[in-house]
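Reader: I should like to learn how contacts between side chains are read from a structure. May we work through an example together?

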Amino acid sequence: MTTLTTIAAGLAAEERKSAEVTDWAARIGWVVGLLLFIALVYWLMRQGWKWRGSLQSGLPALHGLPAAPDSPVAPLAALSGRYHGSTTAGQWLDRIVAHGLGARSRVELTLTEAGVDVVRPGATDFHIPRSALRGARLDKGIAGKVLAEGGLLVLTWEHGGTLLDSGFRSDRAAEHNDWVTTLNQLITTKEGAR
């Protein structure tokens, strides 16, 4: 009986050992293949981004916008937060990537009588003149970013004959309502002056 116990113990010990890897070439081939597949997917995504930018090449460059006034103007509202991108107005999934409008970044927004200054560290800054502003609203999503209802400040503005929606999220979400009210009053005042 002891020989059976010894044999059983020996078999159990052998089962606990892992099998030796003998086909290294196949494993290396799979790893290389997977890395090539990941590189291909990344390259295709980059090509798609560039293709979308070329489709939107009719949109004028941001430096064509009127510059912010040089004289210091008292801000009507200001916020710091994140810029989440711009889309064609009413088409929340149609991201605009031309001229750096698709690049997410930190942002400092300042609303004055002259318009909205958009300062983005690491990305192109721009000024939306008061005459180009069409409205502001609270929304829940814009091209790749979905938040709780009312978690996104969306400014609608015109650039080169195209209406755009630009999405911003303040570090303090309570500021969104003040921005919507102040900006829409500014637009109403402008239209009433015509």
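Reader: Is glutamate 158 buried, partly exposed or exposed?

Author: In this predicted model, glutamate 158 has a relative accessible area of 29%, so it is partly exposed. Its partner in a salt bridge is arginine 134, with the closest N and O atoms 2.5 Å apart. Arginine 134 lies in strand β6 and glutamate 158 in strand β9, 24 residues apart. Arginine 134 is also partly exposed, at 38%.

Reader: How should one read such a pair, and how many salt bridges does a search of the whole structure find?

Author: Side chains of opposite charge can pair when their charged atoms come close. The search finds six salt bridges. One of them joins aspartate 171 and arginine 106 (2.9 Å, N to O). This pair links aspartate 171, in the loop between β10 and α3, with arginine 106 in strand β3, 65 residues apart. In addition, Arg137, Asp139 and Asp165 are linked in a network of salt bridges.

Reader: How are aromatic pairs read, and how many are found?

Author: A pair of aromatic rings is described by the distance of the centres and the angle of the planes. The search of the whole structure finds two such pairs. The ring centres of tyrosine 83 and phenylalanine 168 are 5.4 Å apart and the planes stand at 55 degrees, so this pair is tilted. Tyrosine 83 is in strand β1 and phenylalanine 168 in strand β10, so the pair ties together parts 85 residues apart in sequence. Tyrosine 83 is buried, at 0% relative accessibility.

Reader: What sits over the ring of tyrosine 83?

Author: The charged end of arginine 120 does, 4.6 Å from the ring centre.

How values were computed. Residues numbered from 1 in each chain as written. Predicted model: local features only at pLDDT ≥ 70, side-chain atom pairs only at ≥ 80, totals over all residues. Heavy atoms only, no water. Phe/Tyr/Trp six-rings, centres within 6.5 Å; stacked < 30°, edge-to-face > 60°. Helix = DSSP H or I, 4+ residues; strand = E, 2+ residues; numbered from the N terminus. Buried < 20%, exposed > 50% of the residue type's maximum accessible area, 1.4 Å probe, protein only. Lys NZ or Arg CZ within 6 Å of the ring centre and 35° of its normal. Salt bridge = Lys/Arg side-chain N within 4 Å of Asp/Glu carboxyl O.
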